Amino acid sequence: IVGGVEAVPHEFPWQVAVLIDGSGFCGGSLISPDWVLTAAHCADGANRFSITLGAHDRTANEPSQVTVSTTTYTVHPGWNPSTLADDIALIRLPSPVAFTPEIAPICLAPSTESNHVGDTLLVSGWGKTADGILEGVSPVLMKVTAPGITTAECAAVYGDIITDNILCIDTTGGRGSCNGDSGGPLSFDNAGVYNQVGIVSFGARAGCADGFPAGFTRVSSYSQWIADTTGLII
């Protein structure tokens, strides 16, 4: 997260850390006792995930943390690494996790969700907090808010890879997601109840803090696929 602040510990109890094959790092969100939502580009080709729930400082031995390992996941069949289409995946936990004050699911945006143009949206993660080759991921969970923009505004920058299945935010002033935040949630505070409206998908090659839009998989476009894959009622 660039241009943000440290989250209040455990204010987003659905936020999970996803370690892929012992080296790759992504975010994700808990959507039920046994399913984690993340990005296809995080999961594609993976053998094993180590998922940490209930964390704030990933480097600390927090009593709230639960880490589980799983090899079961589903990448959206339409995922295309070239166009970044359908950048969404579901990871199944080996057994249902017990909810606690620090581990709880997020509500998913239904198919009827608004487009959130102009709305203040929140993205969270343990990704890089600045551009730079030596910059590492953050030990503590960070957050930042930015407004949603139109598909047309985003396509003006990235071209025809931008469809209505992608939600973009305006990162003016260097506020947005960065490497390591991928797969994590973009959420909308709906009168005190957070709804997940996006999944961190991509940013500009120029850098996270250069003000180009950041792109997210639009969750409301995939509510049927999520329901079909998990059996959840969305």
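## Exercises on a predicted model

In strand S8, alanine 89 is the bridge partner of valine 75. The model is a predicted one, in which local features need pLDDT of at least 70, side-chain atom pairs count only at pLDDT 80 or more, and totals for chains, interfaces and linings use all residues. Residues are numbered from 1 along each chain as its sequence is written.

**Exercise 1.** Work out which strands stand at the edges of the open sheet.

*Solution.* Begin with the definitions: strands are DSSP runs (E, at least two residues), as helices are (H or I, at least four), numbered from the N terminus, and two strands pair if DSSP finds at least two bridges between them. Next, read the order, which is S6-S5-S2-S3-S4-S8-S7 for the seven strands, with antiparallel pairing. Strand S6 (66-70) and strand S7 (73-75) are therefore the edges, since each has a single partner strand and one side left without a neighbour in the sheet. For S7, the pairing with S8 (residues 89-92) is antiparallel and runs over three bridges.

**Exercise 2.** Find which strands helix H3 touches, and the angle its direction makes with that of S8.

*Solution.* Take contact as heavy atoms within 4.5 Å; by this test helix H3 (residues 223-230) packs on the sheet and touches strand S3 (24-32), strand S4 (35-38), S7 and S8. Then compare directions, using axes fitted to C-alpha atoms (for helices over the stretch in contact) and angles from 0 to 180 degrees between N-to-C directions: the direction of H3 makes about 25° with that of S8.

**Exercise 3.** State what UniProt places at residues 1-231.

*Solution.* The unreviewed UniProt entry gives "domain: Peptidase S1" there, an annotation that may be inferred rather than shown by experiment. In the model, this span is 9% helix and 34% strand, and its end C-alpha atoms lie 32 Å apart.

Methods
Side-chain values use heavy atoms; hydrogens and water are left out.
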